[in-house]
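Got your viewer open? Let's walk through this protein together, one selection at a time.

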Amino acid sequence: MTTPAYSLDKAIAAELRALRAKRRLSQRELAELAGVHKNTINRIENGHRGGQIEHLAVLCNVLGVKLSDFMLAVELEVEAMEKRAGVHADPAGGRHELPQG
């Protein structure tokens, strides 16, 4: 079993949604502050696309977080998703099914 290709998009979606909610901003408000279309925020938060790095950098700036901190949170979310799915990454970069026990 391998990690679904969309897990990174889903992790980005979850982190962006959580940060936006913490700041009590609507998707429209965040989009206006970031200078992007509301549909961009909607697509990212629904996991349809992880967002271009330029968009993520602007969104992080508007939300008051460093892009590196955001991506670290995304990485931790991916690891949590993989654990829930019974998958883990090995140091060589491969992904393997966890033993059932």
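**A stop on the fourth helix**

Start by selecting H55, which you'll find in helix α4. Keep in mind as you look around that this is a predicted model. Is H55 buried or exposed? With a relative accessible area of 19%, H55 is buried, because the cut-off for buried is under 20%.

Now show what sits around H55. Setting aside neighbours within four places in sequence, H55 is in contact with V36, T40 and R49. Pick T40 from that set and draw a distance between the two C-alpha atoms: H55 and T40 come out 8.8 Å apart in space, with their positions 15 residues apart in sequence.

**Zoom out for the overall layout**

Switch to cartoon view and colour by secondary structure. The protein has five helices and two strands. Follow the chain from the N terminus and the elements go α-α-α-α-α-β-β. If you colour by burial instead, 32% of the 101 residues are buried.

How much of the contact network links distant parts of the chain? Taking contacts between residues at least 6 apart in sequence, 56% of them join residues at least 24 apart.

**Into the core**

Next, select L16, L30, L59 and F70. These are the residues with the most contacts inside the largest nonpolar core, which has 19 residues. Which elements give two or more residues to this core? They are α1 (7-22), α2 (27-34), α3 (38-45), α4 (53-63) and α5 (67-85). There's a general pattern to bear in mind here: in soluble globular proteins, nonpolar side chains tend to be buried together.

Stay with L59 for a moment and show its surroundings. Leaving out neighbours within four places in sequence, L59 is in contact with L16, L30, A34, I41 and I44.

One of those partners, A34, makes a good next click. A34 sits in helix α2 and counts as buried, at 12% relative accessibility. Beyond its neighbours within four places in sequence, A34 is in contact with V58, L59 and V62. For another distance, try A34 to A57: their C-alpha atoms are 9.7 Å apart, and the two residues are 23 apart in sequence.

**Two helices that cross**

Hide everything except α1 and α5. Their axes are 8 Å apart, and the helices pack at an angle of about 125°. The two helices are therefore oblique to each other. Their crossing is right-handed.

To see which residues meet, show the side chains on both helices. On the α1 side, select S7, L8, K10, A11, I12, E15, L16 and L19; on the α5 side, select F70, A73, V74, E77, V78 and M81. Sorted by class, this contact has 10 nonpolar, one polar and three charged residues.

**A buried arginine and a buried glutamate**

Bring the rest back and select R20, whose place is in helix α1. R20 is buried, with a relative accessible area of 13%. What is R20 in contact with, once neighbours within four places in sequence are left aside? The answer is L25, S26, Q27, L30, E45 and L63. Of these, try a distance to L30: the C-alpha atoms of R20 and L30 are separated by 7.4 Å, and the residues are 10 apart along the chain.

Now click on E45, another residue in that set of R20 contacts. E45 belongs to helix α3 and is buried, with a relative accessible area of 2%. Not counting residues up to four places away in sequence, E45 touches A13, L16, R17, R20 and Q27. You can also draw a line from E45 to D9: these residues are 36 apart along the chain, while their C-alpha atoms are separated by 8.6 Å.

**Last stop: a loop residue**

Finish by selecting R24, in the loop between α1 and α2. Buried or exposed, which is R24? At 77% relative accessibility, R24 counts as exposed, because the exposed class begins over 50%.

Before you go, check the backbone angles here. Most residues other than glycine have a negative phi. What is phi of R24 near? R24 has a phi near 55°, which is a positive value in a residue other than glycine.

Technical notes
Residues numbered from 1 in each chain as written. Predicted model: local features only at pLDDT ≥ 70, side-chain atom pairs only at ≥ 80, totals over all residues. Heavy atoms only, no water. Core = buried A, V, L, I, M, F, W, Y, C linked by side-chain atoms within 4.5 Å. Buried < 20%, exposed > 50% of the residue type's maximum accessible area, 1.4 Å probe, protein only. Helix = DSSP H or I, 4+ residues; strand = E, 2+ residues; numbered from the N terminus. Contact = heavy atoms within 4.5 Å. Axes fitted to C-alpha atoms, helices over the stretch in contact; angles between N-to-C directions. Parallel < 35°, antiparallel > 145°, perpendicular 65-115°, else oblique. Left-handed = near helix turned anticlockwise from the far one by under 90°. Nonpolar A, V, L, I, M, F, W, Y, C, P; charged D, E, K, R; others polar.
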